[in-house]
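Visitor: I am new to this structure and would like a close look at one part of it, with enough of the surroundings to keep my bearings. Could you show me the model and then take me through that part with care?

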Amino acid sequence: MRKVVFIFILLSSALFSQAQEKFTFNGYIKDSLSGETLIGATLFVKEQGKGVTSNQYGFFSITLTKGKYNFVCNSVGYNTKEIYVDLLSNKEITILLSPYKSTLQDVVVTTRKKDNNVRAAQMGKIDINVANAKSLPAFLGEVDLLKTLQLLPGVKNAGEGNSGFFVRGGNADQNLILLDDAVVFNPGHLFGFFSVINADAIKNVSLIKGGMPAQYGGRLSSVVDIAMKEGNLNKTEVDAGIGLIASRFSIQGPIKKNKASFLLAARRTYVDVLTKPFISKSNSFYGSGYYFYDLNAKVNYKIGDKDHLYLSGYFGRDKFDFKNAERSFSTSIPWGNATATLRWNHVFNKKLFANTTIVYNDYNFEFNGNQSNFNIKLSSGIRDLNAKTDYDWFVTPEHKLKFGAAYTYHTFFPSALTGNQDSVVFTPDNTKTKYANEYAAYVQDDWEIGKRIKINYGLRYSVFQQIGSYTKYVRDADGNKLDSTVYGKGKTVKVYSGIEPRFTFRYAINDNESVKAAVTQNYQYIHLVSNNGNTLPTDLWVPSTAVIKPQIAWQYAVGYFKNFNKGMYETSVEAYYKTMENQIEYRQGYTPNTLKDVEEDFVFGKGWSYGTELYINKAKGRLTGWLSYTLSWTKRKFADINNGEEYYAKFDRRHDLAITTTYNLSSKWKLGAVFVYSTGNATTIPEKFYFVNGVLTQEYSKINAYRLPAYHRLDFAATYTPTPKKKHKYTSNWVFSIYNVYNRKNPYFIYFDQTGSLAGGDLKIQGKQVSLFPILPSVTWNVKW
């Protein structure tokens with residue numbers, strides 16, 4: 001009888017629990033002053049010890065049993081807000097968070113989401129606080145968010161002053177850089193010394209370098225997801241800045257208050273304008289110069305409670321001109337990116353949110369040369385048309401499901417060459433435009449299995465189809481064409497596909513401590529191939545073809561995360577191992593030849609990387625900042641390079657250290673400093689010199705058998721915000737910055753110089769180091785009204 005009663009009680013309890021009424025609490029989390037939606041804001045339920053995070057558009061949804069709850073809402077740079085809700089029915093709300101303004105009396109400045117590094121299942125994800133990045137020292141006064149990423153563990157810079165970066169042993173093209181969902185193919189201005197990201201137009205930057213979720217694909221190493229500001233819905237704001245080499249201007253405001261808004265941000269360098277008056281017209285170099293400019297624009301319109309439209313775009317150009325009147329020679333090199341994104345948000349119901357996106361993006365490079373009456377033009381580029389749809393389904397507080405599909409139409413323009421001399425036009429059959437379709441579908445689930453265990457698991461299925469018009473040639477050993485196969489427009493040339501599993505796991509030891517693990521597989525179907533031996537930017541984007549197979553990577557990672565002193569200090573240690581198949585390089589001794597398909601000069605191999613990363617972040621207080629250290633190894637092996645022996649990649653650096661600090665000295669002064677140290681780049685240099693028929697000949701070492709000297713540098717910045725005696729409609733500040741404080745002569749490259757002669761008996765060959773930047777002070781004036 002007791003057993004029957006016990007079973008009845010169990011069944012009754014189960015039925016009662018199922019019969020309990022449940023209601024949904026949903027809405028948006030926004031900035032109280034501007035109306036901007038807040039990405040990744042957390043809404044925590046005190047009574048249940050669980051919560052939810054707002055999505056890319058500030059939307060949240062949580063379903064709970066009928067009852068009374070206290071919610072805590074917080075986001076980076078905002079005051080925490082507590083909300084009491086008597087959940088007797090479905091409830092929809094807009095939560096407004098007020099931006100934090102620091103004072104000397106109130107010094108608890110928070111730069112990170114509370115305990116998010118410990119609680120989330122996601123590994124290797126770091127959000128960049130744009131306001132804090134603006135307080136760090138900047139190269140020549142230009143705030144660069146991509147260079148801020150280089151200060152994080154596992155991320156290596158591409159060279160002195162360069163905004164390019166390598167993540168966990170991957171190449172530069174293995175980073176997916178998204179600006180409002182549009183792929184940015186070339187993230188650099190001035191051959192990489194500045195990035196194309198204008199910080200004045202940016203709301204949020206997230207880096208994912210391990211455990212990439214299934215919603216992202218097409219790259220092996222990392223995702224940099226950049227969201228532009230939407231525009232102030234409540235009032236018009238103007239920001240401007242004047243620096244030594246560039247000026248910026250941005251304006252944002254309501255088109256219709258609380259309904260529609262706009263953003264417009266522009267910047268331009270003016271070294272060419274400043275130097276022009278000092279170069280006389282009689283100077284043989286008159287007319288030479290360089291500048292870049294870029295423009296960000298965005299409009300957003302709230303159609304109704306369930307629908308929202310966003311239209312955003314970016315346009316940037318670099319222009320380098322060189323003229324030498326004495327030799328009747330001139331060259332013009334323009335290049336740049338253009339993107340446009342149209343997005344439609346729709347709320348189907350309180351739990352289901354959808355975003356549909358159409359994207360156009362384009363990158364092109366052009367070289368124009370003229371000598372006397374001979375003209376030559378070399379161009380290359382890539383253009384994409386993309387459509388995708390993504391769904392966020394907040395099933396229960398324990399399950400957040402995300403799924404979607406995407407399609408991209410690629411057009412590749414590699415190395416098209418034309419020319420003319422007088423009336424003779426040179427148009428060889430070298431325009432080998434290629435076309436491809438890329439499809440993807442994914443599903444992922446963020447699942448909290450009890451208080452201690454949380455997993456994020458998903459699958460991504462991708463297909464890449466090279467299509468015509470295209471002609472494939474069969475050649476003999478000397479490169480002569482023997483036969484050809486012609487594919488008509490839209491006809492299939494080659495198809496690749498793959499399933500990409502993604503899995504991350506978190507085990508919470510307690511509220512301040514957790515361990516995580518991740519396993520991911522990624523496919524990459526388009527590739528950027530670099531020729532390091534050429535001084536021109538001849539890097540080419542090429543598709544996977546019958547010759548070029550897709551790159552494939554497996555990454556395994558484990559990590560330990562712990563916070564101290566109520567979240568004031570955040571620490572983590574992560575270890576990873578990554579393998580990469582079908583890596584691409586130019587063959588040894590390659591020289592550009594635009595008369596044949598460039599893929600005929602590619603060779604293929606494999607790579608692998610492994611290492612450990614340490615991260616210590618002080619997230620609260622007047623003094624904030626972080627220390628990051630990476631110990632890593634990165635190797636490559638190609639059958640046709642280095643005699644088939646493995647070698648260290650150029651950007652393999654055993655040790656990488658970065659220390660950043662920001663200190664609120666007073667209400668007027670804010671100080672920032674950055675120190676970086678890294679092992680020198682691997683390099684190939686001549687080992688032997690000898691004469692052949694009187695000509696000095698060099699015999700080079702094996703690839704990357706030597707190291708450049710170590711790189712280290714200290715930068716400093718001070719921001720002065722004056723307090724006016726009378727209240728003005730505008731506020732301003734001065735940023736004083738010093739790059740390379742102790743004038744370290746860091747190596748850029750090494751070359752060998754020959755003096756004297758063999759016949760004279762005084763021949764000397766000496767290695768010399770080229771360094772780029774000495775100590776560089778700069779000053780920038782910023783104003784806002």
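What follows is one request about a single strand and one connected answer.

Visitor: Please look closely at strand 17: where does strand 17 lie in the chain, and with which strands does strand 17 pair?

Guide: Before turning to the strand, it should be said that this is a predicted model, and a few words on the whole chain will help to place the part you ask about. The protein chain is built with five helices and 50 strands. Its radius of gyration is 28 Å, close to the 28 Å given by the globule rule for 785 residues, so the chain is as compact as a globular protein of that length. Measured out along its principal axes, the C-alpha trace spans about 110 × 70 × 50 Å. Of the 785 residues, 50% are buried, and among contacts with a separation of 6 or more, 65% are between residues 24 or more positions apart. The accessible surface comes to about 36,100 Å², and carbon and sulfur atoms account for 58% of that area. As for charge, there are 94 positive and 66 negative side chains, with the centres of the two sets 7 Å apart.

Now to the strand itself. Strand 17 covers residues 237-242, and five of these six residues are buried, which leaves the strand mostly covered. One of its partners is strand 18, residues 246-256, which pairs with strand 17 in the antiparallel sense over six bridges. These two strands form a hairpin, with three residues between them. Strand 17 is also joined by four bridges to strand 50, residues 776-784, and that pair runs antiparallel as well. A single residue lets you follow both pairings: A240 has F249 as its bridge partner in strand 18, while in strand 50 A240 stands opposite V783.

For a second strand to set beside this one, take strand 34, residues 540-543, where L540 and V542 on one side and W541 and P543 on the other are all buried, so that both faces are covered. In a regular strand the side chains alternate between the two faces of the sheet. Strand 34 pairs with strand 33, residues 526-529, in the antiparallel sense over four bridges, and in this pairing I526 has P543 as its bridge partner.

The loops between strands deserve a look too, beginning with those that hold a backbone feature. Between strand 28 (453-467) and strand 29 (470-475) there is a loop that contains S469, and a cis peptide bond, with omega about 15°, joins S469 to G468. In the loop between strand 11 (175-179) and strand 12 (182-183) you will find D181, a residue other than glycine whose phi is nevertheless positive, near 75°; D181 is buried, with a relative accessible area of 16%. N740, which is not a glycine either, has a positive phi of about 60°, and N740 belongs to the loop between strand 47 (731-739) and strand 48 (749-755). With a relative accessibility of 0%, N740 counts as buried.

Other loop residues can be placed by their surroundings. P709, in the loop between strand 45 (706-707) and strand 46 (711-720), counts as partly exposed at 34% relative accessibility. Once its neighbours within four places in sequence are left aside, P709 is in contact with G680, R744, P747 and Q769; of these, P747 is 38 residues away in sequence, with a C-alpha to C-alpha separation of 6.7 Å. K350, in the loop between strand 22 (329-347) and strand 23 (352-371), is likewise partly exposed, at 25% relative accessibility. Leaving aside neighbours within four places in sequence, its contacts are T24, N26, F59, S61, N90 and E92, whereas A297, 53 residues from K350 along the chain, has its C-alpha atom 31 Å from that of K350. Lastly, I39 sits in the loop between strand 1 (22-31) and strand 2 (42-45) and counts as buried at 15% relative accessibility.

To return to your question, strand 17 occupies residues 237-242 and has antiparallel pairings with strand 18 and with strand 50.

Note on methods: Residues are numbered from 1 along each chain as its sequence is written. This is a predicted model: local features need pLDDT of at least 70, side-chain atom pairs count only at pLDDT 80 or more; totals for chains, interfaces and linings use all residues. Side-chain values use heavy atoms; hydrogens and water are left out. The radius of gyration is taken over C-alpha atoms; the globule rule is 2.2 Å times the number of residues to the power 0.38. Buried means under 20% relative accessible area, exposed over 50%, partly exposed in between (1.4 Å probe, protein chains only). Contact means heavy atoms within 4.5 Å. Accessible areas come from the Shrake-Rupley method with a 1.4 Å probe; for residues, only the protein chains shown count as cover. Lys and Arg count as positive and Asp and Glu as negative; His and the chain ends are not counted. The place of a charge is taken as NZ of Lys, CZ of Arg, CG of Asp or CD of Glu. Two strands pair if DSSP finds at least two bridges between them.
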